[in-house]
Number of protein chains: 2
Amino acid sequence: MGEKDDNLEPVDLDLGKVLTALADPHRRRVIRELAQADTGTERTCASFRLPVSKATVTHHFRVLREAGLIRQVDRGNSRAAALRREEIDTRFPGLLPLIAEEISP
Amino acid sequence: MGEKDDNLEPVDLDLGKVLTALADPHRRRVIRELAQADTGTERTCASFRLPVSKATVTHHFRVLREAGLIRQVDRGNSRAAALRREEIDTRFPGLLPLIAEEISP
DNA sequence: CCTTAGGTATGATGGATGTCATACCTAAGT
DNA sequence: ACTTAGGTATGACATCCATCATACCTAAGG
């Protein structure tokens with residue numbers, strides 16, 4: 001249960017993995033922008049314009065996905081990232097507002 | 001403003017440092033036990049019985065102190081650690097319950 | 001005085017992590 | 001068909017980090 005990156009139930013979210021994922025400012029920026037956007041918003045990895053190489057962007061999104069914070073849906077050409085808002089809010093209420101309200105560093 | 005480990009104002013608490021500090025299970029356990037205890041509780045570092053060497057315990061408590069999560073008051077022989085509950089709750093409301101409710105891993 | 005307990009300082013070490021360059025793949029546009 | 005854009009895979013590299021052993025300090029109790 002819950003090994004396939006996607007299809008994570010709220011109960012599978014691990015606080016350690018989540019906090020580790022959110023310890024990085026780039027990854028926090030991604031989650032912050034998704035949390036501030038409308039629920040269900042899907043964005044490509046590139047749209048965040050992280051100031052790192054493509055390979056590093058892929059790395060960061062993998063960490064976020066494996067922590068259960070985002071879902072990446074294949075869209076042929078690209079992959080859209082969406083916040084797992086419900087699961088996060090269910091398991092860790094109050095976490096997203098904490099990230100969303102950070103003053104962008 | 002806020003370089004002297006102690007005397008940190010809530011506004012000085014940095015989310016990145018706080019999340020990094022809480023990413024470690026040993027440090028999370030310390031904060032969890034302090035958060036579950038009565039407000040104002042002071043405990044020695046040794047009383048947490050972390051399964052690591054004394055030097056490593058000192059390291060973990062330094063990280064917690066520099067993140068602004070605890071205050072260490074000198075008591076001659078030993079040093080007592082106390083949660084900076086007010087500052088944390090003011091700056092990051094909802095964070096402590098998140099840590100406190102984790103099922104002890 | 002000696003011992004013990006709680007902490008710190010320092011240096012070493014192995015593992016995790018953020019980063020990149022390079023090469024490659026796929027789909028869309030021209 | 002060629003090019004471009006978004007992503008991934010792999011391997012390398014430097015740095016950070018958790019950990020320890022050792023040595024040292026201070027205060028309390030015998």
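A polar contact is a pair of N or O atoms within 3.5 Å; within protein, one atom of the pair must be able to donate a hydrogen and the other to accept it. In the predicted model described here, the rule finds zero residue pairs in such contact across the interface of chain A and chain B, with both residues required to be at pLDDT 80 or more. Zero salt bridges are found across that interface.

The interface itself brings 13 residues of chain A into contact with 13 residues of chain B. About 1,200 Å² is buried between the two chains, and 75% of this area lies on carbon and sulfur atoms. On the side of chain A, the residues that lose the most area to chain B are Leu15(A), Leu19(A) and Leu98(A), which together account for 48% of what that side buries. Two helices of chain A, α1 (15-22) and α5 (95-100), each supply at least two residues of the side that touches chain B. Of the elements of chain A, α1(A) gives the most to this side, with five residues. By class, the side of chain A that touches chain B comprises nine nonpolar, two polar and two charged residues.

The two chains are related by symmetry. Chain A is superposed on chain B by a rotation of 180° with 0.1 Å of shift along its axis, at an RMSD of 0.0 Å. This is the relation of a two-fold axis. Moreover, 100% of the interface residues of chain A are also interface residues in chain B, so the copies meet through the same surface.

Both chains contribute to the surroundings of DNA strand C. Around this strand there are 20 residues, of which Ser53(A), His60(A), Ala46(B), Lys54(B) and Arg79(B) come nearest. Among the atoms of DNA strand C within 4 Å of the protein, 64% belong to sugar or phosphate, and the rest belong to bases. Phosphate oxygens of the strand are approached from both chains: one is 3.2 Å from an N or O atom in the side chain of Thr56(A), and one is 3.0 Å from an N or O atom in the side chain of Thr58(B). In addition, a polar side-chain atom of Arg79(B) lies 2.6 Å from a phosphate oxygen of DNA strand C. The elements giving two or more residues to the surface near this strand are α2 (25-36) and α3 (54-66) of chain A, together with α3 (54-66) and β3 (78-83) of chain B. Five nonpolar, ten polar and five charged residues make up that surface.

DNA strand D is likewise surrounded by 20 residues, and those that come nearest are Ala46(A), Lys54(A), Arg79(A), Ser53(B) and His60(B). Sugar and phosphate account for 65% of the atoms of DNA strand D that come within 4 Å of the protein. A base of this strand is also approached, with a base oxygen 2.4 Å from an N or O atom in the side chain of Lys54(A). Phosphate oxygens of DNA strand D lie 3.4 Å from a polar side-chain atom of Arg62(A) and 3.3 Å from a polar side-chain atom of Thr56(B). Here the elements that give two or more residues to the nearby surface are α3 and β3 (78-83) of chain A, together with α2 (25-36) and α3 of chain B. The surface near DNA strand D consists of five nonpolar, ten polar and five charged residues.

Terms used. Residues numbered from 1 in each chain as written. Chains lettered and ligands numbered in written order. Predicted model: local features only at pLDDT ≥ 70, side-chain atom pairs only at ≥ 80, totals over all residues. Heavy atoms only, no water. Near = heavy atom within 4 Å. Helix = DSSP H or I, 4+ residues; strand = E, 2+ residues; numbered from the N terminus. Nonpolar A, V, L, I, M, F, W, Y, C, P; charged D, E, K, R; others polar. Contact = heavy atoms within 4.5 Å. Buried area = accessible area lost by both parts, 1.4 Å probe. Salt bridge = Lys/Arg side-chain N within 4 Å of Asp/Glu carboxyl O. Least-squares fit on C-alpha atoms with pLDDT ≥ 70 in both.
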